[in-house]
Amino acid sequence: MGFKVISQEEAKEMLKDEHCQLIDVRDANAFSAGHIKGACNVGDHNISQYMADADPDKPLLICCYAGRMSQNVAQHFVEQGFEKVYSIDGGFSAWKQED
């Protein structure tokens, strides 16, 4: 089973569920300049620790700059046993425009 690419609207609906996990895989500077509320910044420096602490059975939404890098990261999480993995289409760039 793979990950699913979802729209901004679908992501917003899913994030209303407190059991959803949300990560932002942009660099720390971009993340600190703005991110989706509740997102955890995950990169090479902490992805192993995040995977160890995260619940692989809970939905995991992944955001990046424009929706491409998050798909690679989503595939990696699927390969590590995460079952409900979603890449947010358009990334944070599209999210900012929606709000």
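In which sense, parallel or antiparallel, do strands E2 and E4 pair, and over how many bridges? In this predicted model, strand E2 (residues 21–24) pairs with E4 in the parallel sense, and four bridges connect the two. Within this pairing, Cys 63 of E4 is the bridge partner of Asp 24.

The pairing of E2 with E4 belongs to an open sheet of five strands, arranged in the order E1-E5-E4-E2-E3 with parallel pairing. The edges are occupied by strand E1 (4–6) and strand E3 (40–41); each has a single partner strand, so one side of each is left without a neighbour in the sheet. Helix H1 (residues 8–15) packs on the sheet and touches E1, E2, E4 and E5. The direction of H1 makes about 95° with that of E1.

Strand E4 (residues 60–63) also runs parallel to strand E5 (residues 85–88), to which three bridges join it. Leu 60 has Val 85 of E5 as its bridge partner, and Leu 61 stands opposite Tyr 86 in E5. Together with helix H4 (residues 69–79), strands E4 and E5 make a β-α-β unit that is right-handed.

In a regular strand, side chains alternate between the two faces of the sheet. In E4, Leu 60 and Ile 62 lie on one side, with Leu 61 and Cys 63 on the other. These four residues are all buried, and both faces of the strand are thus covered. Two of these residues recur in the pairings described above: Cys 63 as the partner of Asp 24, and Leu 60 as the partner of Val 85.

Definitions and conventions. Residues numbered from 1 in each chain as written. Predicted model: local features only at pLDDT ≥ 70, side-chain atom pairs only at ≥ 80, totals over all residues. Heavy atoms only, no water. Buried < 20%, exposed > 50% of the residue type's maximum accessible area, 1.4 Å probe, protein only. Pairing = 2+ DSSP bridges. Right-handed = clockwise from strand over helix to strand, strands pointing away. Contact = heavy atoms within 4.5 Å. Axes fitted to C-alpha atoms, helices over the stretch in contact; angles between N-to-C directions.
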